[in-house]
Amino acid sequence: MRRPLFYGIVPKLLMITLLGFLTLAMTGSGVWADNDDAIAIDDFLPSYEEFRWRVSGIAGYGHNMTLNAIRQHEDERVYEISGEVDDLSGGEADQDFSFTLSYTVRSDVIIQEKQEEALLDSEYDAIEILRTPITVGTTWTQEVEGEDGVTTLQCTIESIEGRPGERVIEVLYDDTDSPYYERRELQEGVGVIGFERVMFDNEEPYEVSYQIFWDETGSFPDVVFPDVERRAWYRRFLGPVQRVGLIEGYPDG
């Protein structure tokens, strides 16, 4: 099976440099050049528009979402996302399964905001999902507003694993006044790849969760390259690089 055209022609180092310039060109120059953190906070979101996520979870739950726009402002970058939750009722449920979600990235925080009726996600419409410094043991508190009023969450970065460019961090968001909690796994260049929270049925707590479905997650090229592994380091760059005409691939893919 033949490799994508660029793989055999362009040295890996040159390709990485090219992708770096392309990222700056497509998303605008960053506003955090002086950030001394070992891991930049905006590394934990995709670099390109049209990135797609697919997740699957408890009891057949699933949703799809697409990164529609990345808007650079003077002191923040906003990622605008829309999606739809799987309708397991076959169209019989009287519920809006569409949703919108945004991430606002500043020098020290990522804020998630959402509007939805059926999305399996946070109890809160607005929540800080990550703060700097991105190191194990970093903690912060935040006040969030839910149906029962304002709640204080104690947040902790519990682990960081993986090699640079593919690191995964795990963050716990613990309600200081109840058994409620949320937990997220975030991967560099992808965003949230795992989510868990507690829910209550007749006051009895139970956990619900979802995980990323890798085969349908990424920035996909118009042409499918069958020789590209789904966890290949360069996979998420193929779509944007192909769309601007830098690669074509062979006729057989």
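Two strands pair if DSSP finds at least two bridges between them. With that in hand, let's work through some exercises on this predicted model.

## Exercise 1: Pairing around strand E3

Find the partners of strand E3 and say in which sense each one pairs with E3.

*Step 1.* Start with strand E2, residues 62-72, and strand E3, residues 77-85. Nine bridges join them in the antiparallel sense. That passes the cut-off of at least two bridges.

*Step 2.* Look at what links them. E2 and E3 form a hairpin, and four residues lie between the two strands.

*Step 3.* Pick out a facing pair: Leu67 stands opposite Ile81 in E3.

*Step 4.* Now turn to strand E4, residues 98-105. Eight bridges connect E3 and E4, again in the antiparallel sense. Here Tyr79 stands opposite Tyr103 in E4.

## Exercise 2: The whole sheet

Write down the strand order of the open sheet and explain why its edge strands have a side without a neighbour.

*Step 1.* The sheet has 12 strands with antiparallel pairing. Their order is E6-E5-E4-E3-E2-E1-E12-E11-E10-E9-E8-E7.

*Step 2.* Read off the ends. Strand E6 (126-131) and strand E7 (139-146) stand at the edges. Each has a single partner strand, so one side of each is left without a neighbour in the sheet.

*Step 3.* Add the twist: on average, neighbouring strands of this sheet are turned by 25 degrees against each other, direction ignored.

*Step 4.* Check one more pairing. Strand E11 (residues 191-201) runs antiparallel to strand E12 (residues 204-212), and eight bridges join them. Met199 has Tyr206 in E12 as its bridge partner.

## Exercise 3: Rings that meet

Describe the geometry of the aromatic pair Tyr124 and Tyr180, and decide whether each residue is buried or exposed.

*Step 1.* A pair of aromatic rings is described by the distance of the centres and the angle of the planes.

*Step 2.* The structure holds four aromatic pairs. In the pair of Tyr124 and Tyr180, the distance is 5.9 Å centre to centre, with 85 degrees between the planes. Planes over 60 degrees apart count as edge-to-face, and this pair is edge-to-face.

*Step 3.* Place the two residues. Tyr124 is in the loop between strand E5 (109-115) and E6, while Tyr180 is in the loop between strand E9 (168-175) and strand E10 (181-187). They are 56 residues apart, so the pair links distant parts of the chain.*Step 4.* Under 20% relative accessible area means buried. Tyr124 has 3% relative accessibility and counts as buried. Tyr180, at 5%, counts as buried too.

*Step 5.* Look at other rings. Tyr61, Phe195 and Tyr210 form one aromatic cluster. Elsewhere, Arg184 lies over the face of Tyr173, at 4.8 Å from the ring centre.

## Exercise 4: The surroundings of Glu76

Work out where Glu76 lies and which residues Glu76 touches.

*Step 1.* Glu76 is located in the loop between E2 and E3.

*Step 2.* With 17% relative accessibility, Glu76 counts as buried.

*Step 3.* Leaving out residues up to four places away in sequence, Glu76 touches Arg71, Thr104, Val105 and Arg106.

*Step 4.* One of these residues, Arg106, makes a polar contact through its side chain with the side chain of Glu76, at 2.9 Å.

## Exercise 5: Backbone details in the loops

Examine the loops that hold Glu50, Ala59, Pro133 and Gly137, and note what the backbone does there.

*Step 1.* Glu50 sits in the loop between helix H2 (12-27) and strand E1 (52-57). Its phi is positive, about 75 degrees, although Glu50 is not a glycine. At 44% relative accessibility, Glu50 counts as partly exposed.

*Step 2.* Ala59 belongs to the loop between E1 and E2. Ala59 also has a positive phi, near 55 degrees, in a residue other than glycine. Its relative accessibility is 70%, which counts as exposed.

*Step 3.* Go on to the loop between E6 and E7, where Pro133 lies. The peptide bond from Thr132 to Pro133 is cis, with omega near -5 degrees.

*Step 4.* Gly137 is also found in the loop between E6 and E7, and Gly137 is partly exposed with a relative accessible area of 44%. From Gly137 to Thr156 the C-alpha to C-alpha separation is 6.2 Å in space, with their positions 19 residues apart in sequence.

Definitions and conventions: Residues are numbered from 1 along each chain as its sequence is written. This is a predicted model: local features need pLDDT of at least 70, side-chain atom pairs count only at pLDDT 80 or more; totals for chains, interfaces and linings use all residues. Side-chain values use heavy atoms; hydrogens and water are left out. Axes are lines fitted to C-alpha atoms, for helices over the stretch in contact, and angles run from 0 to 180 degrees between N-to-C directions. Rings of Phe, Tyr and Trp (its six-membered ring) pair if their centres lie within 6.5 Å; planes under 30 degrees apart count as stacked, over 60 as edge-to-face and the rest as tilted. Buried means under 20% relative accessible area, exposed over 50%, partly exposed in between (1.4 Å probe, protein chains only). A charge sits over a ring if NZ of Lys or CZ of Arg is within 6 Å of the ring centre and within 35 degrees of the ring normal. A polar contact is a pair of N or O atoms within 3.5 Å; within protein, one must be able to donate a hydrogen and the other to accept it, and residues adjacent in sequence count only if both atoms are side-chain atoms. Contact means heavy atoms within 4.5 Å.
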